[in-house]
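Work through the exercises below with the coordinates open, and attempt each task before you read its solution.

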Amino acid sequence: MRINLDYLKQFIDHKYDKQELKEILASIGIEVDEMIDVNGTDVFEVEITPNRPDWLSHYGIAREIRAKNTALLLNEIKVLRKKSSGTGSFKIEIKDKTGCPRFSGAILKNVEIGKSSEAIKGLMESFGMRSVNNVVDISNLILMTYGHPIHIFDLDKIDGNKLIIRSAKKGEELKPLDGEVKKLDETDLIIADEKGPLSLAGVMGGEFSGVTKKTKNIFIECAWFNPSRVRKTSKRFGMKTDASYIFERGADIENTEEIIDLTIELLLGNAGNSIEIIEYFDEYSEPVEKRKVKLGKDFPEKFTGIHIEERVISDILTSLGFRLEDNSNYWNVEVPSFRVDINAHEDLVEEIIRIYGYDKLDTVIPGTASDSVEGYEKRLFLDNMRTWFTANGYSEVINYSFHSMKDNSFFGDEINYVEIRNPIGSDFSVMRNSLAAGILKNTATNRNNDFKRISLFESGTIFIKEEGTLVEKDVVALSASGYETLPSWKDTEGRVFDFFVFKSHIFAYLKRMGLIFKLTEASEFTGFLKKENCFNIIIGGKEAGFIGEVDDKVSAFYKNEEPVFICQLDLDVMTEKRVEKNFDIWNRLPAATRDLSFLINRKNKYESIAKVIEKYRPEALENYSLTDLYEGKGIPDDKISMLMNFRYRSSAKTLTTDEVNDLHESLTEKLNDDLGIIRR
Amino acid sequence: MIDDLRKEIENIKEKLINEIEKVQSLDELQLLKDKYLSRKKGMLTSLMTKLKELPNQDKPVFGNLVNSIKKFTEEKIKESEYQLSNKKEISIDGTLPEFNIVTGNTHLITFIRRKIENIFLNMGYKIAEGPEIEFDENNFTLLNFKEDHPARDEQDTFFINGFPEKLLRTHTSPVQVRYMKEHTPPIKIISPGKVFRKDEPDATHVPVFHQIEGLLVDRDINFSHLKGTLEIFLRALFGDNTKLRFRPGYFPFTEPSAEVDVSCFLCDGKDNKCRICKGSGWLEILGSGMVHREVLKNCGIDPDEYSGFAFGLGIERIAMLKYGVTDLRFLYENDLRFNSQFG
């Protein structure tokens with residue numbers, strides 16, 4: 001809202017310069033966004049919080065400044081009601097009393113519609129409003145001055161000498177002052193005559209009954225409309241007007257007659273000399289009861305932590321329009337009708353401390369201790385993972401949680417997408433069902449910027465529907481592309497990421513965290529990984545994620561030309577399956593190692609060798625590893641040559657050479673029996 | 001007899017010192033080594049033959065003498081060997097460039113989040129987290145955003161198709177709601193996390209961003225406790241000389257509410273053209289207040305028995321103010337030229 005500083009002075013006679021005034025307003029909760037100069041007049045653009053509709057006016061602001069500095073004088077607004085000639089033929093009928101509990105008005109005849117005075121035109125301009133004619137400008141001036149919207153009808157357009165306030169019927173139509181014809185329904189509150197709707201209550205008047213150059217006789221409306229009703233209509237039609245803005249926050253229900261009188265006062269001075277006041281109206285059959293809040297005298301100190309004198313408290317509240325009834329240990333505080341935001345004693349404390357000064361608050365440290373520490377393991381695991389992978393060359397990325405439909409299509413079934421009803425664009429229309437898409441985009445971005453090693457990780461939530469319910473999963477994704485070790489003068493080749501290098505990075509970490517895991521052929525092939533290079537990772541018997549090389553077509557979609565390896569792991573599974581190890585004393589007896597060189601059929605995976613070893617594993621076999629692998633020249637096409645190393649060490653005794661040889665021979669035989677290996 | 005031998009050993013020692021100084025190469029040193037220590041004809045080896053000529057009581061004395069000269073000789077030779085071999089070796093050029101080892105970085109958002117979390121963990125707060133898709137009830141209604149109140153407009157909300165009661169949380173306050181519903185005071189938590197608002201991405205807006213909120217509920221908690229707590233926190237984050245300014249504000253879920261500014265850590269209000277405070281000397285940093293009695297009630301806590309305070313801040317805002325990030329979209333492009341500058 002705009003405040004014209006010259007106009008403000010009509011209500012409060014202060015001597016502050018604009019900078020001081022800005023500070024004072026800030027100290028009581030009114031933020032000045034901008035200071036504007038309109039034809040030499042200083043104007044503040046202020047931001048009014050939605051709980052304070054009473055601040056949406058010059059008078060309301062003046063009242064607050066007065067409360068802050070009680071030495072200043074506030075010009076009370078009071079005009080005497082002028083006499084009316086009164087014919088009694090016009091009627092107001094409120095059919096919907098929850099929608100409109102109060103409706104005041106007046107009929108004026110012989111109003112001369114014309115241009116506004118230069119003074120009013122200047123005010124309109126400073127408020128950022130267009131000057132239309134003297135009558136419309138005056139209704140806007142009333143709004144900006146007292147914060148209660150009024151509406152003026154052309155009396156001669158009202159059919160049947162009657163205004164009816166009711167809910168619209170489905171199918172009724174109204175063409176507002178600006179915009180298209182609106183189709184109304186029962187949620188809309190309207191002001192109608194016998195023929196039909198004239199105005200959308202509290203939102204905008206209709207074009208037909210509005211004031212024009214030809215208007216002679218008028219009906220001035222000042223009413224109170226239900227905030228929720230106004231808001232629904234305003235939202236549904238996308239019509240945010242100055243009137244709806246105030247009504248949906250809550251106007252003052254008690255000042256409607258006063259506003260009518262003030263409007264007439266202004267019209268008399270600005271719309272011709274022959275104005276005749278015909279009749280006043282005020283439909284208010286069930287007056288709103290005055291709100292009262294009990295404020296214990298010790299409560300302000302209890303709630304703010306500082307002592308404020310009783311006299312100061314009562315002065316502050318009184319200056320803000322509250323009425324205090326003093327009882328021995330509490331006040332009964334009557335809330336002024338314009339303060340829609342005050343309902344409880346905490347609200348009063350805010351009023352007191354706001355004017356007394358937030359800067360007077362003490363700084364005290366609460367002695368409260370936390371009640372529990374549950375649920376930190378997952379975060380600890382993630383922290384650990386982040387530290388380890390950043391130290392090993394993986395950079396953390398954070399992507400938006402939104403995907404396009406196309407992104408999601410690579411990673412799951414459409415039936416399981418979590419769709420956003422009102423997305424900001426088609427690229428962001430569903431919640432992500434994988435972290436892979438973001439990482440693939442990031443990989444391409446960085447490749448274009450000539451990064452040679454692009455290894456990334458992201459932790460975050462993915463979203464899917466499982467049997468119709470929404471599921472959020474915390475996962476961690478890792479990716480690698482390009483060089484693992486950059487070429488250098490010492491090593492001109494460097495080392496390029498391949499599946500095994502990537503897998504080694506991941507598995508080294510899983511081992512370090514004491515997880516028991518294995519790779520299996522992907523149980524569900526989703527198509528974004530290469531069929532021949534696509535695995536599930538099982539941790540502690542639970543499926544925990546996938547690892548593999550991204551399919552060429554998917555890679556190309558995200559503009560990657562080089563191979564990208566990717567892995568996604570479920571953080572909850574990892575956290576759940578993690579077992580912290582106990583100390584285990586190492587074996588101090590000497591170890592013996594034996595090599596085994598053999599040919600094996602290509603169709604046998606390494607896993608099958610490991611299985612046989614595990615099946616027949618002697619207690620004294622401490623460790624085994626693959627030390628070389630060869631295929632090609634000198635080896636039959638259907639075979640692979642492997643060199644494995646076995647380390648034997650018994651916990652019971654030092655093994656003799658013969659004992660070691662026996663163990664090794666027997667294991668070799670089993671491998672031969674089960675897999676047909678050929679020793680070399 | 002033993003005295004003669006002692007003398008002889010002294011002579012050998014002197015001679016050795018003399019000779020070893022003149023040695024110029026490892027080959028010469030080998031010759032010298034053979035001369036003294038060779039098992040067959042070394043001078044020290046042949047000394048031992050004299051042992052059997054000695055009377056019994058002198059034998060251990062002599063043995064010791066021979067051993068010590070042997071040890072001395074070995075050490076001298078080793079020393080010389082070290083010097084000679086070093087002389088021969090060409091020292092490496094340590095100034096050759098190191099290899100470019102790629103290190104990873106923590107994302108700036110994580111870096112700031114962890115920093116703030118750690119301050120509060122040190123103050124005894126516990127971290128609580130919650131889902132990103134929330135019930136409208138937890139995000140708005142129980143936080144005293146009345147149905148159809150304009151306060152809801154201030155947080156443009158994404159909704160989920162087919163789940164009319166759900167939305168993408170617009171702040172992390174619903175985590176506090178969940179926590180209060182499940183726990184009895186004392187409550188002392190912070191809730192960090194992603195939040196969503198329907199904003200087109202531009203330099204100062206992104207539709208997905210991060211918040212950290214705090215909540216403390218106990219008996220006799222007052223507004224001054226909030227100020228004391230925030231003073232510790234903001235000084236830890238921005239420096240010991242940071243000043244705080246509390247201004248009245250409005251949030252549906254707190255009453256009284258306060259906007260909190262910190263003194264500009266860049267210019268302290270002394271630079272009219274300061275890039276962050278624009279000369280005002282103050283930076284808006286967080287929103288806070290005493291938890292609204294309706295919120296406590298909605299979460300099953302008696303507002304006449306307990307009171308509490310809550311506060312919240314945006315991590316992206318800290319990225320802009322403290323770390324000079326000029327465009328929030330940089331945070332989500334994941335260009336390593338950006339990401340690698342932090343953490």
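The exercises that follow concern a predicted model, and each solution proceeds step by step.

**Exercise 1.** Determine how many residues chain A and chain B each bring to their contact, and which helix gives the largest share of the side of chain A.

*Solution.* Begin with the totals: chain A contributes 73 residues to the contact, and chain B contributes 67 residues. Next, look for the element of chain A that supplies the largest share of its side, which is helix H11 (residues 345–356) of chain A, with six residues. Finally, sort the residues of the side of chain A that touches chain B by class, which gives 29 nonpolar, 24 polar and 20 charged.

**Exercise 2.** Establish the strand order of the open seven-stranded sheet in chain B, and describe the helices that pack on it.

*Solution.* Reading across the sheet, the order is E1-E5-E6-E10-E9-E8-E7 (chain B), and the pairing is mixed. The edges are formed by strand E1 (126–127) and strand E7 (244–248) of chain B, each of which pairs on one side only. Within the sheet, strand E6 (residues 208–218) of chain B runs antiparallel to strand E10 (residues 307–314) of chain B, and eight bridges join them; in E10(B), Gly312(B) is the bridge partner of Glu213(B). Turning to the helices, H11(A) packs on the sheet and touches E7, strand E8 (254–263) and strand E9 (282–291) of chain B, its direction making about 35° with that of E8(B). Helix H8 (residues 223–238) of chain B also packs on the sheet, where it touches E7, E8, E9 and E10 of chain B, and its direction makes about 145° with that of E9(B).

**Exercise 3.** Identify the strands of chain A that pair with strand E22 (residues 469–485) of chain A.

*Solution.* Take strand E21 (residues 453–466) of chain A to start with: its pairing with E22(A) is antiparallel and extends over 14 bridges, and Gly460(A) has Val475(A) in E22(A) as its bridge partner. The hairpin of these strands has two residues between them, and there Glu467(A) takes a positive phi near 50°. Then consider strand E27 (residues 565–570) of chain A, which pairs with E22(A) in the antiparallel sense over six bridges, with Leu478(A) opposite Cys567(A). Lastly, strand E23 (residues 495–496) of chain A pairs with E22(A), again in the antiparallel sense, over two bridges, and Arg495(A) is the bridge partner of Thr485(A).

**Exercise 4.** Classify the packing of helix H18 (residues 606–616) and helix H19 (residues 657–675) of chain A.

*Solution.* The two axes lie 10 Å apart and make an angle of about 130°; therefore H18(A) is oblique to H19(A). The crossing of H18(A) and H19(A) is right-handed. By class, the contact between H18(A) and H19(A) has seven nonpolar, one polar and two charged residues.

Note on methods:
Residues are numbered from 1 along each chain as its sequence is written. Chains are lettered from A and ligands numbered from 1 in the order in which they are written. This is a predicted model: local features need pLDDT of at least 70, side-chain atom pairs count only at pLDDT 80 or more; totals for chains, interfaces and linings use all residues. Two residues are in contact if their C-beta atoms, placed from the backbone, lie within 7 Å. Helices (H or I, at least four residues) and strands (E, at least two) are DSSP runs, numbered from the N terminus. Ala, Val, Leu, Ile, Met, Phe, Trp, Tyr, Cys and Pro count as nonpolar, Asp, Glu, Lys and Arg as charged, and the others, Gly among them, as polar. Two strands pair if DSSP finds at least two bridges between them. Axes are lines fitted to C-alpha atoms, for helices over the stretch in contact, and angles run from 0 to 180 degrees between N-to-C directions. Angles under 35 degrees count as roughly parallel, over 145 as roughly antiparallel, 65 to 115 as roughly perpendicular and the rest as oblique. A crossing is left-handed if the near helix is turned anticlockwise from the far one by less than a right angle, and right-handed if clockwise.
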